[in-house]
2 protein chains.
Amino acid sequence: VGNITVGNYLLARLAQLGVTKMFGLPGDFNLGFLDLVEDHPTIDWVGNCNELNAAYAADGYARVKQNSLGVVTTTFGVGELSAMNGIAGAFSEMVPVLHLVGAPSTSQHKTRPILHHTLGDGRYDAYTIASKQFTILQTALVNKHEVAHQIDEALTVCITKARPVYMTLPTDMVHQEISGERLKIPLTRQAAINDPQTEEFVLDLIHERVKEVGGDVVILVDACVIRFDVQDEVNEFLKQTGFPVYSTPMGKSCVNESYKRYGGIYIGTITHPLAKERVENAKLIISVGSLQSDFNTGNFSYNIPIRRHIELHSDHTKVQYALFKDIGMKHLLPKLTERLQHFYPIASKLPVAPFTDLVPTSQENDQTIVHAYFWPRVGQFFHPKDVIVTETGTANFGILDVPLPDGTKLISQVLWGSIGWSVGSALGAAFAAREVGKDRVILFVGEGSLQLTVQEISPMIRYGLKPIIFVINNSGYTIERYIHGKHRKYNNVDNWKWTSLLDTFGGNMEQPYESYSVKTRAELDTLLDQSSFAAANKIQLVEVIMPALDAPLALERQAEMTGKGNQYATVI
Amino acid sequence: VGNITVGNYLLARLAQLGVTKMFGLPGDFNLGFLDLVEDHPTIDWVGNCNELNAAYAADGYARVKQNSLGVVTTTFGVGELSAMNGIAGAFSEMVPVLHLVGAPSTSQHKTRPILHHTLGDGRYDAYTIASKQFTILQTALVNKHEVAHQIDEALTVCITKARPVYMTLPTDMVHQEISGERLKIPLTRQAAINDPQTEEFVLDLIHERVKEVGGDVVILVDACVIRFDVQDEVNEFLKQTGFPVYSTPMGKSCVNESYKRYGGIYIGTITHPLAKERVENAKLIISVGSLQSDFNTGNFSYNIPIRRHIELHSDHTKVQYALFKDIGMKHLLPKLTERLQHFYPIASKLPVAPFTDLVPTSQENDQTIVHAYFWPRVGQFFHPKDVIVTETGTANFGILDVPLPDGTKLISQVLWGSIGWSVGSALGAAFAAREVGKDRVILFVGEGSLQLTVQEISPMIRYGLKPIIFVINNSGYTIERYIHGKHRKYNNVDNWKWTSLLDTFGGNMEQPYESYSVKTRAELDTLLDQSSFAAANKIQLVEVIMPALDAPLALERQAEMTGKGNQYATVI
Ligand SMILES: Cc1ncc(C[n+]2csc(CCOP(=O)(O)OP(=O)(O)O)c2C)c(N)n1
Ligand SMILES: Cc1ncc(C[n+]2csc(CCOP(=O)(O)OP(=O)(O)O)c2C)c(N)n1
Ligand SMILES: [Mg+2]
Ligand SMILES: [Mg+2]
């Protein structure tokens, strides 16, 4: 390895980490770098329609392509600030995303002229200061003697902590030559090693607690199992110990849902009574990768006393009231498996009502597509190799009741909940899906949410991606109606010609596409049973007409609690 | 005036300031407040498709409805961060916009639970910290004894300084009762009074300088004339003194362009030679409201030595090298008019090549719609009551060569230059136009820029607004091609079915709409001459097919300089 330009050093590192797509928009401060991307043998430039959508795409790409990262490239000021909500979402939801910003040259950074895209007052650091709130590391590649180290550090932090990092690349640095020596040693995602003595102590302690309760333990898996890459460790633990397992909304799909010891979703008071009783009556609950946000916990309605709770996290462990800093689950879990596997004979006999028995279905016979009908029905449509993307709104709650086939990947934004995310995210997910051996990408998005980011359908068509997009058309912001303002005009949205969208964006392109509208159960059934539809060999959009005031049960209950918490007072 | 709720107090203040529309999206943290907006007798809620577009709309509204302000309402985290680029743009370009954010309740602010739309780590202040970079004042309405004062201060600062302010309104504060007493005294936009003695000194000094040069003065009007509301004072000054006047790109349309003493656009080395010579050879240049950004000055290529330059600003004055702090132009100008009007006999004889003589036109006879043909041609189409909105790209440069009819209002983002802005902005402008006695709103937007914010056409149709939208379809990011990467793929954009957009968004609504595509000069001429088209009694979209590598001359030259400044090095 001889000398290499700064731009190509960065690309080399990204390629090593498995990055094949970079998302974003050009702007004059990043054009020089984009030359290198366009010419790169294994990394492709994906031009998005706007920067927020690009950030969402990078987020979706990273979620599906686990153990890699997403990259979004923007231009100084206007581009980067447009992406900010997407980056903050990646922070909140713990998704590794590199935000690379093309910036004015290093000499302009010194003289700070009133360039386009500046605030007019010479504050060239304003965007970095703002970004600091939403990224775990900020670095400016301004000195060629430091950039290799800076890049390595930033990328390592990004993938290890599963959080976005912010990097500015001045125009004149792109082609500076540096040594490529460091590239010989690949970067890795390494969970910190636990202090052996503390770890031993913790293992003893947990073992003791499990013994005390005679093995009456329930496992609760959550978001950080996926984010911190301990899915294999968790599944091995479950298999060897035989404990019953439940999942939170954000943990859904990290344990196979056909697994016979899997009891479904635990979400506090919103939980199905059978599952709720089973979780809350266990003598000990071991939660793995827990993330206790309002929508992930039935509005903080867990009924799990601390003295019955053990929490395994990426960087700490809690056993009842005791905190063990820096004892992370990645290395702890395999050892815990060893310690606890002898409970298998007892643990594997503990009763679990299988998730599949709990699924609600609509008993009425009319043809309206209500949620209680829709979700079980699409559940039958899913395949093991599907990537499912659900949007905030009725979709995020509806999917909870559907048992997913083994291997299915589900992504959603239960904590951050920025509507429109799912569309950009589905674009990124669709690229990643091809690379990780997944097949179809199926998106469920409310028509209100689709309006925020609709243009991102355009690159889907351009690149021949073939998602199936279900647009839930329920005459407005239904989730909001349940929270407040049931009949308010501010909860209406324009009723677009949804089935014209693919043609409007893609009609001049070479790719095939097809749109459908279904408003009866029979129409939905017929479509889902059609093998050419299920084959997903072109991009397809399905408008699903549903009632404005119908929602999954879990949403109705969450919405009520959220509305109360907001204390809007009397006016409705 | 008795007691009033916090929400209604704010609305009462906004109504007093002439606000009739509020832009934004609902979110559960602002729904309670939106009830009040929906029920308000004179303020309407305009639901946008996304928050960035909403911020752009508020910006466009404020620009056209001078002496009022724009308001954008978003929800905590996800909504407000989406709007951030729009708010930063309003800061940079000096547009008074209130960013009102619905936030969690005051009690949640104390306990900081992991609510949806939070970062998951309890940092409830992160969004405010970020906003601080892009707003001139941040205020949280958390204490009912202070809110009236806070609201008054924030709004006064917003309109006086012509910058965005940031205000958070917790859910539970909306209906708190406070005294309405203060509402009796209206808020005003008051430029600070100048210290009389300093002002006198400055007037003497300027007078002396003008005398020294025998009245050989040229006036240069710029952005801040519009932003700080001194258009009347400037025009009066020009009329009484008779000095020749030129404008920068950002000052365009603040002086009537048919005015016989108006010589056109001064933009450094890019200026038409006749105008350039006239400005740069004047013995004294008085610039009013100057904003010297790269694109506003031909890349800082002014040839105006400081010793021949007097600058009048909103909050200071410079006479050659001498700075006079806190001497603002609003109060200085009328006095300067008095002092200098006796130069009229000389000043009014100073030669000016009228702007209308300098307009370039295409001499070739082929039918291709090139910029040199397009802009003079649409120039003939304009009316005095038009509001013209131009987007960053070829449009922002093309419009410079067109003499606008008296009274025409032009808005664009020459400094901030965030593409997509013009579409949201045109929505806001269209509402405001109706209220300030303007008639048509005519938007010129590149197809690349339109892709960022296209959905904002939807509310235009919903509310029966009737803009004429010219979409310049030149196969990609032409401005970027001129800066760097002429034939690069990253400068391509998808070729949508532009003429299907209105139907896709509006086909289910009650409003009429019509789309056209023109690719020859004859087609363009025919359309522009059609009186039903010019009447603009429905929303209309015109796809104008233009060559990928054609641009207004000023853009070609600016792009070359920008490319050089960026020092991309060799790869093309
Ligand atoms: C960026 C952003 N803006 C606003 C909101 C507030 N919000 C949450 S859900 C929702 C409505 C979603 O409506 P739709 O997509 O139609 O879903 P439905 O519940 O009707 O199925 C809104 C406006 C948000 N979460 N994110
Ligand atoms: C939000 C944002 N993203 C990216 C850019 C960089 N940029 C400036 S102009 C431009 C291309 C505009 O293309 P188009 O609207 O088609 O205009 P034209 O082809 O007429 O020049 C781009 C990408 C920007 N200014 N703002
Ligand atoms: Mg909906
Ligand atoms: Mg273009």
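User: Which helix supplies the largest share of the shell around ligand 1?
Analyst: The model is predicted: local features need pLDDT of at least 70 and side-chain atom pairs pLDDT 80 or more, whereas totals for chains, interfaces and linings use all residues. Residues are numbered from 1 along each chain, chains are lettered from A and ligands numbered from 1 in written order, and side-chain values use heavy atoms without hydrogens and water. Among helices (DSSP runs of H or I, at least four residues, numbered from the N terminus), α18 (447-453) and α20 (478-483) of chain A each give at least two residues to this shell. The largest share, four residues, belongs to α18(A).

User: Which chains provide residues around ligand 1?
Analyst: Around ligand 1 there are 21 residues, a residue being near if one of its heavy atoms lies within 4 Å. Among those that come nearest are Thr394(A), Gly417(A) and Glu51(B). The site is shared between chains because the surrounding residues come from chains A and B.

User: What distance separates ligand 1 from the polar backbone atom of Gly476(A)?
Analyst: Polar contacts are pairs of N or O atoms within 3.5 Å; within protein, one atom must be able to donate a hydrogen and the other to accept it, and sequence neighbors count only if both atoms are in side chains. A nitrogen atom of ligand 1 is 3.1 Å from a backbone N or O atom of Ile419(A). For a polar backbone atom of Gly448(A), the distance to an oxygen atom of the ligand is 2.9 Å. The corresponding distance from a ligand oxygen to Gly476(A) is 2.8 Å.

User: How much of the accessible area of ligand 1 does the protein cover?
Analyst: Accessible area here is computed by the Shrake-Rupley method with a 1.4 Å probe. On its own, ligand 1 has 600 Å² of such area. The share covered by the protein is 98%.

User: Between which chains does ligand 2 lie?
Analyst: Ligand 2 has 21 residues around it. The closest of them include Glu51(A) along with Thr394(B), Gly417(B), Ser449(B) and Glu480(B). Ligand 2 is thus placed between chains A and B.

User: What is the distance from an oxygen atom of ligand 2 to an N or O atom in the side chain of Ser449(B)?
Analyst: Two backbone approaches can be listed beside this one. A polar backbone atom of Gly417(B) is 2.7 Å from a nitrogen atom of ligand 2, and one of Gly448(B) is 2.9 Å from an oxygen atom of the ligand. For the side chain of Ser449(B), the distance to a ligand oxygen is 2.5 Å.

User: How much of the area that ligand 2 exposes alone does the protein bury?
Analyst: Taken alone, ligand 2 exposes 600 Å². The portion that the protein buries is 98%.

User: Which helix gives the most to the shell around ligand 2?
Analyst: Helices α18 (447-453) and α20 (478-483) of chain B each contribute at least two residues to that shell. With four residues, the one that gives the most is α18(B).

User: How much area do chain B and chain A bury between them?
Analyst: The contact (heavy atoms within 4.5 Å) takes 94 residues from chain A and 94 residues from chain B. Buried area is the accessible area that the two parts lose on being put together, summed over both, with a 1.4 Å probe. Carbon and sulfur atoms carry 55% of it. The total is about 7800 Å².

User: How many salt bridges are there between chain B and chain A?
Analyst: A salt bridge needs a side-chain nitrogen of Lys or Arg within 4 Å of a carboxyl oxygen of Asp or Glu. Over all chains the count is 56. Between chain B and chain A, the count is ten.

User: Which residue of chain B meets the side chain of Asp35(A) in a salt bridge?
Analyst: Side chains of opposite charge can pair when their charged atoms come close. Glu38(A) forms a salt bridge at 3.6 Å with Arg488(B). The bridge of Asp35(A) is 3.2 Å, N to O, and runs from helix α2 (residues 31-39) of chain A to the loop between α20 and α21 (501-506) of chain B. The partner in that loop is Arg488(B).
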